[in-house]
Amino acid sequence: MKESPSKFNLLDYFLNPARLARLGHRTAIEFRHKRLTYNDLRGEVDYWARKITDSGITQSDRVALALLDSPELIASFLATVSVGAIAVPINTFLSRDEIQFIIADCDAQLVITESELAPKANALSTGDKFSVMFVDTHARPCFELEREAYGSQSQTETTGESPAFLLYTSGSTGAPKGALHLHGAIPVTVENYSDSILRLTEEDRLYSSSRLFFAYGLGNSLSFPLAAGATVILDSERPTPERLARIFAERRPSVFFGVPALYRALLDYNGSGERLDLSSVRLCVSAGEALPAKIFEDWRREFGLEILDGIGSTEMLHIFISNRAGEARGGSSGRIVEGYEARLVGDNGGEVGVDEAGKLWVKGASAMAGYWNREELTRATIRDGWVRTGDVYRRDAEEFFYHVGRSDDCFKVRGLWVSPVEIESVLLTHKAVADAAVVAAKDEQGLATARAYLVIRNAEGSEELKRELRDFAAARLPQYKVPAQIEFINEMPRTSTGKIQRYRLRAAAQQRGSEG
Ligand code: 3UK
């Protein structure tokens, strides 16, 4: 007989009485002019737990959280899971229609949203299947006003295997799908990744440019700082290089989490006469897409800091292959994080050899329980505990992993496999190239060829530059990988979580046919 899992609740994990006795007066969150101690946060969670249960929410109900990064988002997330309901953080950059799709898909009974998001939220208040609660993050914290009325809330009984939250991801195409995670998943990411790779102390100050609604940001700004008794710096403004320069100078984070496009923008900003003060930073992390070796090297040269690239996914909750401080390699995602297992699977279903490309499968206790209401897709994604990531990787003799591409992004030219990432990382070493994406296109004869979309730095996008770039690539790549077509664009299309939208470039490339 299977042993029944013991009682466990995420709120208790982070803010139990014993921890509060030790950490209560330390700062948990810094946000605008506010500073919340761990005790304050507990008060805020209790306030929200009461409001949520008062609105009729019970175990397993879904509570959608369409909030900017704020103490209220952290508190309402923990409050929701503390009463056994399922929190659904929503990407505030999505359109009204996309937000409505998610609310309908998870059948939320309650939506907590921001007065500031009124244009999007107004449409929500017309819903009749759910109620809406508005939050004003500019107001004073609720617990200060109403603490007396909202004493400690008794928790619903949950275990490590109770559903806790849903994270929606659209992948590169298709409708968003919700990855369901259990109460026990967050502690696994803390033990596997944060404890061994970040090695946080109570003195650490964490800042993530990726938001809490994204699995990466949820780990960076909620799970890891709170589990370590550290401080998280939250910001609801757009993370431009100017904004970040201020955060680094004024808030002095010790750990910074970004995405590759932002690291590149920060390097450009720093090179344009402005200076970034990174003197408080001891650790930089990158995820979301592959960090090109060029950025890794430029950053190290400029600031004397390594960027620890690591791959994570919504399905696995956080990073499962990562570089380590002091042994990071540019162009590599690093080695397997202890607690996870990885397999690179070839076309015949067996594991590939050293330096051979294969499909990446991972296994680990932070994996999602499944996609919400998508049984078939769940079965196609997880088999025997192995999660198919959709990525192609190769592993060298020292067990370092190299991202070859998403399996749907790789294509063949003259019968030979081409990895867009490899061509892009070569193009990015040219001084004129600020951003690069390569997709499959057809030449005049209708044959598959590589087409490069480039954002150019301080230069005219001339025919001469195209020739120069092709010669540059030809000197560094086999002929079939040299982009036969080059197009200059003003801005790279990216998702709000920082990934290149290759499907949009592919569609454009198909339309353009053989020109270019
Ligand atoms: C790609 C990477 C190369 C890869 C995420 C950290 O990105 C996260 O989750 P998503 O569900 O996307 C997952 C996919 O993104 N990817 C992510 N990181 C890297 N590719 N190098 C990387 N370092 O295709 C993966 O399958 O949005 C990242 C933590 C939690 C996350 N959810």
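This text leads through a predicted model, beginning with its nine-stranded sheet, moving to one strand and its neighbours, and then turning to the ligand and to two arginine residues.

The sheet is an open one of nine strands with mixed pairing, and its strands follow the order β2-β1-β10-β9-β11-β12-β13-β14-β15. At its edges lie β2, which spans residues 34-37, and β15, which spans residues 335-336, each of them pairing on one side only. Further in from β2, strand β1 (residues 27-31) pairs with strand β10 (residues 231-234) in the parallel sense, over three bridges, and in this pair Phe31 stands opposite Leu234 of β10.

Toward the other part of the strand order one comes to β13, which is made up of residues 307-312 and which repays a closer look. Five of the six residues of this strand are buried, so β13 is largely enclosed by the rest of the structure. The threshold behind that statement is a relative accessible area under 20%. On one side β13 pairs with strand β12 (residues 283-286), in the parallel sense and over three bridges, with Val285 standing opposite Leu308 of β13. The connection between these two strands involves helix α12 (residues 293-303), and β12, α12 and β13 together make a right-handed β-α-β unit.

The other partner of β13 is strand β14 (residues 319-322), which runs antiparallel to β13 and is joined to it by three bridges; here Gly310 stands opposite Ser322 of β14. The two strands form a hairpin with six residues between them, and within the turn Leu317 has a positive phi of about 80°. The pairing sense of β13 is thus parallel toward β12 and antiparallel toward β14, in keeping with the mixed pairing of the sheet as a whole.

The same strand leads on to the ligand, since β13 gives the most to the shell around the ligand, with four residues. At least two residues of the shell are supplied by each of α9 (215-228), β13, β20 (386-395) and β21 (401-406). There are 23 residues around the ligand, and those that come nearest are Asp309, Gly310, Thr314, Asp391 and Lys499; Gly310 is also the residue of β13 that stands opposite Ser322 in the hairpin. Sorted by class, the shell holds nine nonpolar, nine polar and five charged residues.

Several backbone atoms approach nitrogen atoms of the ligand. A backbone N or O atom of Gly288 lies 3.0 Å from a ligand nitrogen, while for Ala290 the corresponding distance from a backbone N or O atom to a nitrogen of the ligand is 3.3 Å, and for Ser313 it is 3.4 Å. On its own the ligand has 610 Å² of accessible area, of which the protein covers 94%.

Two arginine residues complete the tour. Arg264 is found in helix α11 (residues 260-271) and has a relative accessible area of 11%, so this residue counts as buried. Its side chain makes a polar contact, at 3.1 Å, with the side chain of Asp435. Arg42 belongs to helix α3 (residues 38-54), and with a relative accessible area of 12% Arg42 is likewise buried. From the C-alpha of Arg42 to that of Ile500 the distance in space is 39 Å, with 458 residues separating the two in sequence.

How values were computed. Residues numbered from 1 in each chain as written. Predicted model: local features only at pLDDT ≥ 70, side-chain atom pairs only at ≥ 80, totals over all residues. Heavy atoms only, no water. Buried < 20%, exposed > 50% of the residue type's maximum accessible area, 1.4 Å probe, protein only. Pairing = 2+ DSSP bridges. Right-handed = clockwise from strand over helix to strand, strands pointing away. Near = heavy atom within 4 Å. Polar contact = N/O pair within 3.5 Å; in protein donor to acceptor, adjacent residues only side chain to side chain. Areas by Shrake-Rupley, 256 points an atom, 1.4 Å probe, with all protein chains shown as cover. Nonpolar A, V, L, I, M, F, W, Y, C, P; charged D, E, K, R; others polar.
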